[in-house]
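Me: I would like to go through this model and ask what stands behind each statement about it. Please give the reasoning with each reply.

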Amino acid sequence: MTHAIGVDVGGTGIKASVVDTATGELLEMRRRLDTPKPATPAAVRDTIAELVNGFGVSAPVGIALPAIVRHGVALSAANIDPSWVGVSLPELLDDALPGPAAYLNDADAAGLAETEYGAGRGQQGLVLTITLGTGIGAAMVYDGTLIPNAEFGHLELDGAVAESTTSARAREITGLDWEPWAAKVSRYLKHLERLVSPDLFLLGGGVSRTPEPWFHLIDVDTPVRLATLINNAGIIGSAYAATVAQADPIALSGS
Ligand code: BGC
């Protein structure tokens, strides 16, 4: 059986599990530790090491971060500590992990998970996964191949950075009702439609766990589905990325 450890680094929690990468199923109960405060690279490294070594298995490790990750270097830090920018992730983390590692953006991990095992499985063409959470994450997967680091949450729309008005957190902060929020999400997705002409949108993030008040209000021309892996997508997708990276290092060289 092929298995890998997946780690999802978020603003409030760091979650990990061992994943069967043939099926995408979790082989262990998901473990979670609070994200250290401040979430400096060294503090986060120690938390990740505690989590992954706690499983007592030797396996490839995939780590998903809320940052642009290019050739193993974190290049942004929108919702994490600014000191991550410029950090070489292999230098920071490789020695602390129980196996060879792959590093990627958290939305990219979610998009890989959904297209490999979830709501986008078997879909041809361009699948655009959008995660609505603290920020807005985006993943472009074309015929199963990830085009990494699509930072579409930072597009400017109606004079503002899209995620600052349209993320799930933005809705909570402003106390917006579901209906006007769904209209904002639809407007944002229509903008993306014009820019990249996707074949399918997958909507994920924590808000996809409770779709009843909003999902039926989403109004775009492109087919839209709810992501199905919800809170585990980052873990599953990063574990998958670790497996792919071991099989074919070139496949993830851009992430
Ligand atoms: C970051 C992305 C990340 C997304 C979801 C955005 O603010 O720029 O890199 O994928 O939040 O965490």
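Me: How many salt bridges does the rule find across the interface of domain 1 and domain 2, and what would make a pair count as one?

Reply: This is a predicted model. A pair would need a side-chain nitrogen of Lys or Arg within 4 Å of a carboxyl oxygen of Asp or Glu. Across the interface of domain 1 and domain 2, the rule finds zero such salt bridges.

Me: What polar contact does the rule find across that interface?

Reply: Two residue pairs are in polar contact between domain 1 and domain 2, both at pLDDT 80 or more.

Me: Which elements give two or more residues to the side of domain 1 that touches domain 2?

Reply: They are β6 (69-70) and α3 (106-117). By class, that side of domain 1 has five nonpolar, two polar and two charged residues.

Me: How much area do domain 1 and domain 2 bury between them, and which three residues of domain 1 supply more of its share than any other three?

Reply: The two domains bury about 790 Å² between them, with 47% of it on carbon and sulfur atoms. Asn79, Ala107 and Asp108 supply 61% of the area that domain 1 buries against domain 2.

Me: Why is the chain called as compact as a globular protein of its length?

Reply: The chain has seven helices and 15 strands. Its radius of gyration is 17 Å, and the globule rule gives 18 Å for 255 residues; the two values are close, so the chain is as compact as a globular protein of that length.

Technical notes:
Residues are numbered from 1 along each chain as its sequence is written. This is a predicted model: local features need pLDDT of at least 70, side-chain atom pairs count only at pLDDT 80 or more; totals for chains, interfaces and linings use all residues. Side-chain values use heavy atoms; hydrogens and water are left out. Buried area is the accessible area (1.4 Å probe) that two parts lose on being put together, summed over both. A polar contact is a pair of N or O atoms within 3.5 Å; within protein, one must be able to donate a hydrogen and the other to accept it, and residues adjacent in sequence count only if both atoms are side-chain atoms. Helices (H or I, at least four residues) and strands (E, at least two) are DSSP runs, numbered from the N terminus. Ala, Val, Leu, Ile, Met, Phe, Trp, Tyr, Cys and Pro count as nonpolar, Asp, Glu, Lys and Arg as charged, and the others, Gly among them, as polar. The radius of gyration is taken over C-alpha atoms; the globule rule is 2.2 Å times the number of residues to the power 0.38.
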